[in-house]
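Here are a few notes to read alongside the coordinates. I hope they help you find your way around.

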Amino acid sequence: MEKKLTRSQQGAETKRRLTETALTLFAQKGYNNVSIADICSQVGVTVGVFYHYFRTKSDVFKDISLDGNEKVRNYRFRGETSLEKIAELLDYYAHITQEIGRDTMSVIITPDNSLMYTGNYAAKLTASLLAEGQQKGEINCDYSPEVQVRMIFAVVWGIICLWCQGKTDDDLRIAMNESIAPALNGLKP
């Protein structure tokens, strides 16, 4: 006898199916070529059900981004200097990204996903570590932490894009560390 799901479990399952279907369709057809009705049709629910879980089509990205942010927020550093902590954080960020997978990341790392850029806790934490490092004299003050974090994350997101396209090492952490090391060395006083 099959165990009946609670209402909460049914809701979580519906949201999961909507998310997975949306990401699959975005990957197949492109984000701008998929409508909410397309997603709902594939899942077998009404558009109203979609709006119960998401305000907009781009909100599909939100749970994945928020989950990554939560993992970063709970990370405990082993390094002592700001640069060591930044290197550790970026390695962990690559690990989280690799867990999400190429197919999903190919859809997530898009200009349509503003959370990837503006709500990214790893970038905010990196900026904080840069400011702390400047105050301690561990990081040069040639540029503000805001400029430095933009430079670092331009490299990070560029490497992720290349990884998604299969143009870097299969192990994102290796590709990330090889590319980030020169940028972090350039931050030394």
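1. A word on terms before we start: a helix here is a DSSP run of H or I with at least four residues, and helices are numbered from the N terminus. By that count, Thr19 sits in helix 1, which covers residues 7-29. Please keep in mind that this is a predicted model.

2. Let's stay with Thr19 for a moment. Is it buried or exposed? Its relative accessible area is 11%, and since buried means under 20%, Thr19 counts as buried. Leaving out residues up to four places away in sequence, Thr19 touches Phe54, Val60 and Ile64.

3. Now for helix 1 as a whole. Its 23 residues reach 32 Å from the first C-alpha to the last, close to the 33 Å expected at 1.5 Å a residue. Just after helix 1 comes Gly30, with a positive phi near 95°.

4. Which residues of helix 1 are buried? They are Gly11, Thr14, Leu18, Thr19, Thr21, Ala22, Leu23, Leu25 and Phe26. An α-helix has 3.6 residues a turn, so residues three or four places apart point the same way. The partners against which the buried residues of helix 1 pack are helix 2, helix 3 (47-53), helix 4 and helix 6 (102-108).

5. Helix 2 (residues 36-43) holds Cys40, which is buried at a relative accessible area of 1%. Beyond residues up to four places away in sequence, Cys40 touches Val45, Thr46, Val47 and Phe50. If you would like a distance to check, the C-alpha atoms of Cys40 and Ile160 are separated by 30 Å, with the two positions 120 residues apart along the chain.

6. Ile160 also turns up in the largest nonpolar core, which has 50 residues; Phe26, Ile152, Phe153, Val156 and Ile160 have the most contacts inside it. Two or more residues each come from helix 1, helix 2, helix 4, helix 5 (82-100), helix 6, helix 8, helix 9 (145-164) and helix 10 (172-185). Helix 9 gives the largest share, nine residues. As for Ile152, its contacts outside the four nearest places in sequence are Leu90, Thr126, Leu130, Ile180, Leu184 and Leu187.

7. Finally, a helix pair. The axes of helix 4 (residues 60-73) and helix 8 (residues 121-136) come within 8 Å and cross at roughly 35°. Asn69, Val72 and Arg73 of helix 4 meet Tyr121, Ala122 and Leu125 of helix 8 in this contact. Sorted by type, the residues of the contact are four nonpolar, one polar and one charged.

Methods: Residues are numbered from 1 along each chain as its sequence is written. This is a predicted model: local features need pLDDT of at least 70, side-chain atom pairs count only at pLDDT 80 or more; totals for chains, interfaces and linings use all residues. Side-chain values use heavy atoms; hydrogens and water are left out. Axes are lines fitted to C-alpha atoms, for helices over the stretch in contact, and angles run from 0 to 180 degrees between N-to-C directions. Contact means heavy atoms within 4.5 Å. Ala, Val, Leu, Ile, Met, Phe, Trp, Tyr, Cys and Pro count as nonpolar, Asp, Glu, Lys and Arg as charged, and the others, Gly among them, as polar. Buried means under 20% relative accessible area, exposed over 50%, partly exposed in between (1.4 Å probe, protein chains only). The expected span of a helix is 1.5 Å times one less than its number of residues. A nonpolar core is a set of buried Ala, Val, Leu, Ile, Met, Phe, Trp, Tyr and Cys residues joined through side-chain atoms within 4.5 Å.
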